[in-house]
Structure formats: structure tokens, C-alpha cells
Amino acid sequence: MPSSRVATSAPARVTPRRQATRDRVLEAASEVFAERGFHGATVEEICERAGFTRGAFYSNFSSKEDLVVELSRRHSEALVERIRRASKGAHVSADDLLRDVFAALADDSRSQERWLVLTTEFTLHAIRDAGARRAWAAQQRRVRDELVAVVDEAVARQGLSLAMPTELFVRAAMALAQGSMAQRLIEPRSIGVGELERTVLPILLGVRR
């Protein structure tokens, strides 16, 4: 089966009108993906929801895969910004820092859960599709790089040092958060929001002054 065609970057210059079109298509895609999943959603349904033709869609995005990558870019930017704001507060310990970060993330837990369902489905698709896999891996690297920068800023501000490379900690934290969220979706009353992370991440941090 041929690989999906996935754009790796947005056009160099996007006019306000074109940006408005892209925003409407992405909003529609987010709604349709939430209702029908990545494979269940069609370009036709997304176009109908956005009020555009297929021509308008393909003049802005190359495929459904391209939509997911762009939605991920926007989602990760918002996520990183929430973490950055929370980490800049006044903290007396690493535990306080984590508490404020988790509080910021919990404010968006329902959105995070919907996003996990879509990205889990898309990850399985990307494993089987070389084009989608390359684009998805590149996006995941961008997210990790942004989170590494935020963590480095936070530990430097606190006068702390990590017991492991920052990228390794970020990978572990992301895996823990995603796994914990998946468990809550399957067993809603089995674990509280952030409970597993608040218990395990301080151990992983192994921070020292």
C-alpha cells in the first residue's frame, strides 16, 4: 500500500483569508475526528462541516494525515504554554512545581482525553504508513524539544539538577501521562486525574539542589 502524502510544513506566507480557511477546516476536522475517529472521518464530511469544497481543502492540506499533524502542532503549543506559565510561579520545592503544572493540565483534562483517543488511533496508522510515520515522528520530536526547553528553564530557575538527561525525563513523563490517561478512559474510577504522575514523577525527577 503506498504511503500517505503528508506535508511537513505550512506555506511560507499565509494571507489572512487563507488562514481563516485553514482555521475553519481544522476546527471542522477536530469535531469530525472526535465524533467518528481518524479512519471513520472523511474529507467530504470535514469539507461539509467547514462549508468548503474539496478544492478549498486540498489547496490548504494534502490529506487527513496533514490535518492531524497540524492539529498536533497547535495542541502542543497550547500545552507547552500552559506548562511554561505554571512553571514560572513561585515554588519552594520540586513537588510544588509539579503540583502547579498538574493543576494547569487538569484544567484541560477532557480535551486531553479526546486528543489521546485521536492520537492513539493515528499512531497505530503511522506505524503502518511510512509517510505518516515520518511526519508524526518529526512532530513528536518538536513537542519533546519544546518540553525539554521548558523543563530546563524550570529546574535552572529552581536551582535544581535532574538525575537523568532532560530528554529522557520528558519521554518518561509523556509516556506516564498518556498511559495514565488511557487507564482512566478504560477504568474511569480507577485513578484520579494526575494521581499516578504526582506519585511517580517526583521519583523519576530525583532532583537535588
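**Exercise 1. Is R144 buried, partly exposed or exposed, going by its relative accessibility?**

*Solution.* A quick reminder before we start: this is a predicted model.

Step 1. Take the cut-off: under 20% relative accessible area means buried.

Step 2. Look up the residue. R144 has 13% relative accessibility, so R144 counts as buried.

Step 3. Now find its charged partner. R144 makes a salt bridge with E167, and the closest N and O atoms are 3.7 Å apart. The pair links distant parts of the chain: R144 sits in helix α7 (residues 130-158) and E167 in helix α8, 23 residues apart.

Step 4. Check the partner's cover too. E167 has a relative accessible area of 37%, so E167 is partly exposed.

**Exercise 2. Work out what T166 is in contact with, beyond its neighbours within four places in sequence.**

*Solution.* Step 1. Place the residue: T166 belongs to helix α8 (residues 166-186).

Step 2. Check its cover. The relative accessibility of T166 is 15%, so this residue counts as buried.

Step 3. List the partners. With neighbours within four places set aside, T166 is in contact with V148, V151 and D152.

Step 4. Pick out the polar one: the side chains of T166 and D152 make a polar contact at 2.7 Å.

**Exercise 3. Which helices does the D23 salt bridge with R74 tie together?**

*Solution.* Step 1. Start with the pair itself. D23 and R74 form a salt bridge whose closest N and O atoms are 2.8 Å apart. D23 lies in helix α1 (residues 16-40) and R74 in helix α4, so the bridge ties together parts 51 residues apart in sequence.

Step 2. Ask how covered the two ends are. D23 has a relative accessible area of 31%, so D23 is partly exposed. R74 comes in at 28%, so R74 is partly exposed as well.

Step 3. Move on to another bridge that starts from α1. R49 forms a salt bridge with E35, with the closest N and O atoms 2.8 Å apart. This pair also links distant parts of the chain: R49 is in helix α2 (residues 43-50) and E35 in helix α1, 14 residues apart.

Step 4. Do the same cover check here. R49, at 39% relative accessibility, counts as partly exposed. E35, at 55%, counts as exposed.

Step 5. Put the bridges in context: the structure holds 14 salt bridges.

**Exercise 4. Why does the span of helix α4 agree with its residue count?**

*Solution.* Step 1. Count: helix α4 (residues 64-87) has 24 residues.

Step 2. Work out the expected span, which is 1.5 Å times one less than the number of residues. For α4 that gives 34 Å.

Step 3. Compare. The end C-alpha atoms of α4 are 34 Å apart, so the expected and modelled spans agree.

Step 4. Add the cover: α4 is mostly covered, with 17 of its 24 residues buried.

**Exercise 5. Describe how V101 and T119 are placed relative to residues elsewhere in the chain.**

*Solution.* Step 1. Take V101, found in helix α5 (residues 94-106). Its relative accessible area is 11%, so V101 is buried.

Step 2. Find its partner. The C-alpha atoms of V101 and I83 are separated by 5.7 Å, with their positions 18 residues apart along the chain counted as the separation. Leaving out residues up to four places away, V101 touches I83, A86 and S87.

Step 3. Turn to T119 in helix α6. At 12% relative accessible area, T119 is buried.

Step 4. Check the distances. The C-alpha atoms of T119 and V68 are 8.1 Å apart, and the two residues are 51 apart along the chain. Within its own stretch, the side chain of T119 reaches the backbone oxygen of L116 at 3.2 Å.

**Exercise 6. How many helices and strands are in the protein, and what share of its residues is buried?**

*Solution.* Step 1. Count the elements: nine helices and zero strands. Along the sequence the pattern reads α-α-α-α-α-α-α-α-α.

Step 2. Look at the cover. Of 209 residues, 43% count as buried.

Step 3. Look at the contacts. Among those with a separation of 6 or more, 66% are between residues 24 or more positions apart.

Step 4. Finish on the outside. The accessible surface is about 11500 Å², and 55% of that belongs to carbon and sulfur atoms. One nonpolar patch on the surface is formed by V117, L185 and I186, with about 300 Å² of accessible area together. V117 is part of helix α6 (residues 109-128).

Conventions
Residues are numbered from 1 along each chain as its sequence is written. This is a predicted model: local features need pLDDT of at least 70, side-chain atom pairs count only at pLDDT 80 or more; totals for chains, interfaces and linings use all residues. Side-chain values use heavy atoms; hydrogens and water are left out. Patches are made of residues with over 30% relative accessible area and no salt bridge: like charges are joined within 9 Å, nonpolar side chains (Val, Leu, Ile, Met, Phe, Trp, Tyr) within 5 Å. Accessible areas come from the Shrake-Rupley method with a 1.4 Å probe; for residues, only the protein chains shown count as cover. A salt bridge is a side-chain nitrogen of Lys or Arg within 4 Å of a carboxyl oxygen of Asp or Glu. Helices (H or I, at least four residues) and strands (E, at least two) are DSSP runs, numbered from the N terminus. Buried means under 20% relative accessible area, exposed over 50%, partly exposed in between (1.4 Å probe, protein chains only). Contact means heavy atoms within 4.5 Å. A polar contact is a pair of N or O atoms within 3.5 Å; within protein, one must be able to donate a hydrogen and the other to accept it, and residues adjacent in sequence count only if both atoms are side-chain atoms.
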